[in-house]
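Subject: Handing over a structure, with notes

Dear colleague,

I am passing on to you the structure shown below, and my notes on it follow directly after. Please keep it open beside you as you read.

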Amino acid sequence: MQRDEIDLRDRDPALKHRRFRSIWISDVHLGTPGCRADHLLDFLRHHESDYLYLVGDIVDGWQLKKSWYWKQSHNDVVQKVLRKARKGTRVIYIPGNHDEMARQFAGLDFGGIAIRMQAEHITADGKRLLVTHGDEFDGVIQYAKWLAYLGDSLYTLILQLNRGYNWCRMKLGLPYWSLSQYLKHKVKNAVNFISQFEKILADKARHLGYDGVICGHIHKPEIRDLDGTLYGNSGDWVESLSALVESADGTLSVVYWTHLLSDAPASLPEQEPVQENVCAS
Ligand SMILES: [Mn+2]
């Protein structure tokens, strides 16, 4: 059984469906082996909402161009979203950089799904939020698309080169070059990148007169206040298996699929949704 083929049929049927005012999901990457479509399907089955925002990188066109990968569960996710739209959920699809081919349809509606470059969401308590995938604020992607492509395979290449490189260094009497040191440096840079990305998006939203921003792109679920501006990120369905949700009163929170699975039936009746990093404002 593959990692994404877990059997969810034995789940307790008492697990109630939760209703939120809004749900944001992003970075599903349908069309790649990494996509946890079964988990997302399970999440969508147990969560209803008035608004459902698909915040980009839903289908991974970059990977599909390289090699075709499409499973039944990937179809099921698409069908489930279309069904929600038919049944009255307002579905807004904001394409990201991996599904940029859908951007040419921005402004149009298909099957009850509104395709937009970005959207404005007004919460139940009146906050105006900018909803955008976020890659347009990512310097690397914006200015050098080939560099972003390169990133995918760079790590593999480094690992391959490291052995040969160090063999040469040894022959030349040079000390071993540490890959782990290099990667530690890279991780530090990644942390810097994330905080920079968050700041840039919050600044942009503030500049445009919004109370906050909701985005995806960096696969890091988050909800917090950045200098008085709300920053929300719905995460992804490759690693974190997360979504952003808005309760009936306008409270925003991050929910994780893993928490959904671990919900004990005994504690279920009228239990508040699993909330993490709840933003007070
Ligand atoms: Mn992206």
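To begin with the sheet, this predicted model contains an open sheet of five strands, in the order β6-β7-β8-β10-β9 and with mixed pairing. The edges are taken by β6 (119–122) and β9 (222–226), each of which has a single partner strand, so one side of each is left without a neighbour in the sheet. On average, and with direction ignored, neighbouring strands of this sheet are turned by 20 degrees against each other. At the β9 edge, the pairing with strand β10 (residues 229–233) is antiparallel and extends over five bridges, and within it aspartate 225 has leucine 230 of β10 as its bridge partner.

Another pair of strands, β11 (residues 242–246) and β12, runs antiparallel and is likewise joined by five bridges, with valine 245 and serine 253 of β12 as bridge partners. These two strands form a hairpin with five residues between them, and in the turn glycine 250 has a positive phi of about 95 degrees. Strand β12 (residues 252–256) is mostly covered, since four of its five residues are buried.

Turning to the helices, α1 (residues 37–46) and α3 (residues 72–86) pack at an angle of about 25 degrees, and their axes are 9 Å apart. With angles under 35 degrees counted as roughly parallel, the two helices α1 and α3 are therefore roughly parallel to each other, and α1 passes α3 in a left-handed crossing. On the α1 side the contact is made by Ala37, Asp38, Leu40, Leu41 and Leu44, while α3 contributes Ser73, His74, Asp76, Val77 and Lys80. Divided by character, the residues of this contact of α1 with α3 are five nonpolar, two polar and three charged.

Finally, there is one loop residue that I would ask you to look at, namely proline 95, which is placed in the loop between β3 (90–93) and β4 (109–110). Is proline 95 buried or exposed? Proline 95 has 25 C-beta neighbours inside 10 Å, and because 20 or more are enough for a residue to count as buried, proline 95 counts as buried. Leaving aside residues up to four places away in sequence, proline 95 touches Gly56, Glu100, Ala102, Arg103 and Ile115. The C-alpha atom of proline 95 is also separated by 7.0 Å from that of histidine 133, although the two residues are 38 residues apart along the chain.

With kind regards

Notes:
Residues are numbered from 1 along each chain as its sequence is written. This is a predicted model: local features need pLDDT of at least 70, side-chain atom pairs count only at pLDDT 80 or more; totals for chains, interfaces and linings use all residues. Axes are lines fitted to C-alpha atoms, for helices over the stretch in contact, and angles run from 0 to 180 degrees between N-to-C directions. Angles under 35 degrees count as roughly parallel, over 145 as roughly antiparallel, 65 to 115 as roughly perpendicular and the rest as oblique. A crossing is left-handed if the near helix is turned anticlockwise from the far one by less than a right angle, and right-handed if clockwise. Two residues are in contact if their C-beta atoms, placed from the backbone, lie within 7 Å. Ala, Val, Leu, Ile, Met, Phe, Trp, Tyr, Cys and Pro count as nonpolar, Asp, Glu, Lys and Arg as charged, and the others, Gly among them, as polar. Two strands pair if DSSP finds at least two bridges between them. A residue is buried if 20 or more other C-beta atoms lie within 10 Å of its own, exposed if 12 or fewer, and partly exposed in between; C-beta atoms are placed from the backbone.
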